[in-house]
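Colleague: I should be grateful for a close look at a single part of this model, namely one helix and its surroundings. Please begin with the helix itself and then move outward.

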Amino acid sequence: MIYSLAVYGPPYTYQASDTAFHFAEALLAKGHELHRVFFYHDGVYNGTRLSVPPQDEINIPARWSELAGKHEVDLVICVASALRRGVLNATEAERYELDSDNMGTAFNLSGLGQLIDAGIHSDRLITFGA
Amino acid sequence: MILHTVNKSPFSQNTLRSCLRVVSNEDSVVLIEDGVYAALDDSSCSELIKNALQRVAVYSLLPDLKARGIEQRIIHGIQTIDYNDFVSLTEKHARVQSWF
């Protein structure tokens with residue numbers, strides 16, 4: 001089956017991102033395809049590449065990036081949610097004339113249409129709410 | 001057939017109560033994250049799940065029960081599952097409704 005996930009929770013504050021990650025690993029282990037993970041609302045904070053947790057803790061944003069690299073998962077950050085929260089890639093930083101960007105390269109900035117598209121393209125769309 | 005996930009404690013929010021109001025007989029409920037507190041036996045919220053078990057299957061995510069140290073104190077009739085089982089449940093149910 002083809003799965004997509006929607007993650008509404010930021011890393012560390014709520015368990016949503018962690019649950020979604022374990023669910024993603026489990027579905028991939030069962031031989032399913034993970035088409036897309038859509039990060040919405042505070043979930044966009046999962047897309048930072050500047051997270052530096054203590055050494056004995058999990059780096060949640062980096063863990064998503066590794067998973068995407070290994071299984072070719074489309075990690076989409078909602079652009080409207082991200083810009084107002086200060087999560088930007090280099091293109092957006094340049095567009096708004098800001099001095100830096102902070103998004104991981106494994107993540108793609110795109111619109112809410114990608115969530116609808118994920119629902120159409122996938123057999124299952126599972127939401128992990130905060 | 002809908003699989004309902006609930007991730008909020010019934011001691012702090014009405015998420016589970018809202019879910020159970022609309023759950024139909026062929027549906028199933030999965031308690032995840034703080035939602036697993038609803039699985040506690042002999043609590044002020046136990047009746048919610050005990051009544052639900054009369055008509056729907058109720059599952060609870062074992063890693064989340066263990067993380068909260070309550071895996072030995074859950075209501076009889078609740079089935080404990082791991083992430084692999086959680087995925088299997090989403091295969092069997094055509095839709096997943098997340099309550100949060």
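Modeller: The face of α1(B) that is turned away from its buried side carries two exposed residues, B:Arg21 and B:Val22. It should be said at the outset that this is a predicted model. Helix α1 of chain B spans residues 15-22, and its buried residues are B:Thr15, B:Leu16, B:Cys19 and B:Leu20. Viewed down the axis of α1(B), these buried residues fall within an arc of 125°, so they line one face of the helix.

The surroundings of that face come next. The buried residues of α1(B) pack against two strands near the start of the numbering given here, β1 (2-6) and β2 (28-31), and also against α2 (46-52) and β5 (95-99), all of chain B. Of these elements, β5 leads on to the contact between the two chains.

That contact takes 12 residues from chain B and 14 residues from chain A. On the side of chain B that touches chain A, α4 (83-92) and β5 each supply at least two residues. The element that gives the most to this side is α4(B), with six residues. By class, the residues of the side of chain B that touches chain A divide into six nonpolar, four polar and two charged.

Helix α4(B) can be described in the same terms as α1(B). Its buried residues are B:Tyr83, B:Phe86, B:Val87 and B:Thr90. Seen down the axis of α4(B), they fall within an arc of 100°, so they line one face of the helix. The face of α4(B) turned away from this buried side carries the exposed residues B:Asn84 and B:Lys92.

Across the contact, α4(B) packs with α1(A) at an angle of about 75°, the axes being 9 Å apart. That angle makes α1(A) roughly perpendicular to α4(B). From α1(A), the residues making the contact are A:His22, A:Phe23, A:Ala26 and A:Leu27, and from α4(B) they are B:Tyr83, B:Asn84, B:Phe86 and B:Val87. Three of the elements of the picture meet in these names: B:Tyr83, B:Phe86 and B:Val87 are buried residues of α4(B), whereas B:Asn84 is exposed. The contact of α1(A) with α4(B) has six nonpolar residues, two polar residues and no charged residues.

Within chain A, helix α1 (residues 16-29) also lies beside helix α2 (residues 60-71); their axes come within 11 Å and cross at roughly 20°. That makes α1(A) roughly parallel to α2(A). The crossing in which α1(A) passes α2(A) is left-handed. On the α1(A) side, the contact is made by A:Ser17, A:Phe21, A:Ala24 and A:Leu28, and on the α2(A) side by A:Ile60, A:Arg63, A:Trp64, A:Leu67 and A:His71. In this contact there are six nonpolar, two polar and one charged residues.

Finally, A:Val73 is placed in the loop between α2 and β3 (74-78) of chain A. A:Val73 counts as buried, with 22 C-beta neighbours inside 10 Å. Neighbours within four places in sequence aside, A:Val73 is in contact with A:Leu34, A:Arg36, A:Val37, A:Leu67 and A:Ala68. One of these, A:Leu67, also takes part in the contact of α2(A) with α1(A). A:Val73 and A:Glu33 are 40 residues apart in sequence, yet their C-alpha atoms are 8.7 Å apart in space.

Note on methods:
Residues numbered from 1 in each chain as written. Chains lettered and ligands numbered in written order. Predicted model: local features only at pLDDT ≥ 70, side-chain atom pairs only at ≥ 80, totals over all residues. Buried ≥ 20, exposed ≤ 12 C-beta atoms within 10 Å, placed from the backbone. Helix = DSSP H or I, 4+ residues; strand = E, 2+ residues; numbered from the N terminus. Arc of directions from axis to C-beta. Contact = placed C-beta atoms within 7 Å. Nonpolar A, V, L, I, M, F, W, Y, C, P; charged D, E, K, R; others polar. Axes fitted to C-alpha atoms, helices over the stretch in contact; angles between N-to-C directions. Parallel < 35°, antiparallel > 145°, perpendicular 65-115°, else oblique. Left-handed = near helix turned anticlockwise from the far one by under 90°.
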